[in-house]
Amino acid sequence: MAETPTTLKTARKCPKCNKNGELIQKAPTEVPELTGYVFSCGNKVCPWFNTRWVVTVDDDDKVPTRDIGHDPKRFPAVQPITDKQQEHVLDWIEDDEAGS
Ligand SMILES: [Zn+2]
């Protein structure tokens with residue numbers, strides 16, 4: 001039973017209202033093959049209005065189903081985050097650029 005990989009196209013849709021989230025930020029991650037996206041739901045009647053979530057995809061715009069790289073980070077297809085968590089996520093996303 002093969003798992004269908006979640007694509008960026010799927011993961012950018014809000015899990016609650018199924019509308020495309022607004023792209024807040026796109027940034028490289030500390031793993032070269034992966035790119036991080038932060039989306040926010042702009043649908044005023046949605047329970048996730050103004051909720052942000054992070055999507056991490058590989059070179060094929062697919063959400064990895066396993067850990068990539070040396071760091072055992074998890075890459076859930078969709079994960080709601082608070083502003084504070086977003087700062088943290090963007091910190092580790094931007095760490096890579098600062099370090100090289
Ligand atoms: Zn929504």
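Two strands count as paired here when DSSP finds at least two bridges between them. With that in hand, the strands of this predicted model are easy to walk through. Strand β1 (residues 22-28) lines up antiparallel with β2, and six bridges hold the pairing on record. The two strands make a hairpin, with six residues sitting between them. On to the next pair: β2 and β3 also run antiparallel, joined by six bridges.

Phe39 is a handy place to see both pairings. Leu23 has Phe39 as its bridge partner in β2, and Phe39 in turn has Trp53 as its bridge partner in β3.

Phe39 and Trp53 also turn up in the largest nonpolar core, a set of nine residues that further includes Ala11, Leu34, Tyr37, Val38, Val54, Val55 and Val57. Two elements, β2 (35-40) and β3 (52-57), each give two or more residues to this core, and β3 supplies the largest share, with four. As a general point, nonpolar side chains in soluble globular proteins tend to be buried together.

Then there is Leu8, which belongs to helix α1 (residues 8-11). Leu8 has 17 C-beta neighbours inside 10 Å, and a residue needs 20 or more to be buried, so Leu8 counts as partly exposed. Leaving aside residues up to four places away in sequence, Leu8 touches Val55, Val57 and Asp61. Leu8 also sits 8.1 Å from Thr56, C-alpha to C-alpha, although the two are 48 residues apart in sequence. Seen from the other side, and with the same sequence neighbours left out, Val57 touches Leu8 along with Leu34, Thr35, Lys62 and Val63.

Technical notes
Residues numbered from 1 in each chain as written. Predicted model: local features only at pLDDT ≥ 70, side-chain atom pairs only at ≥ 80, totals over all residues. Buried ≥ 20, exposed ≤ 12 C-beta atoms within 10 Å, placed from the backbone. Contact = placed C-beta atoms within 7 Å. Core = buried A, V, L, I, M, F, W, Y, C linked by C-beta atoms within 7 Å.
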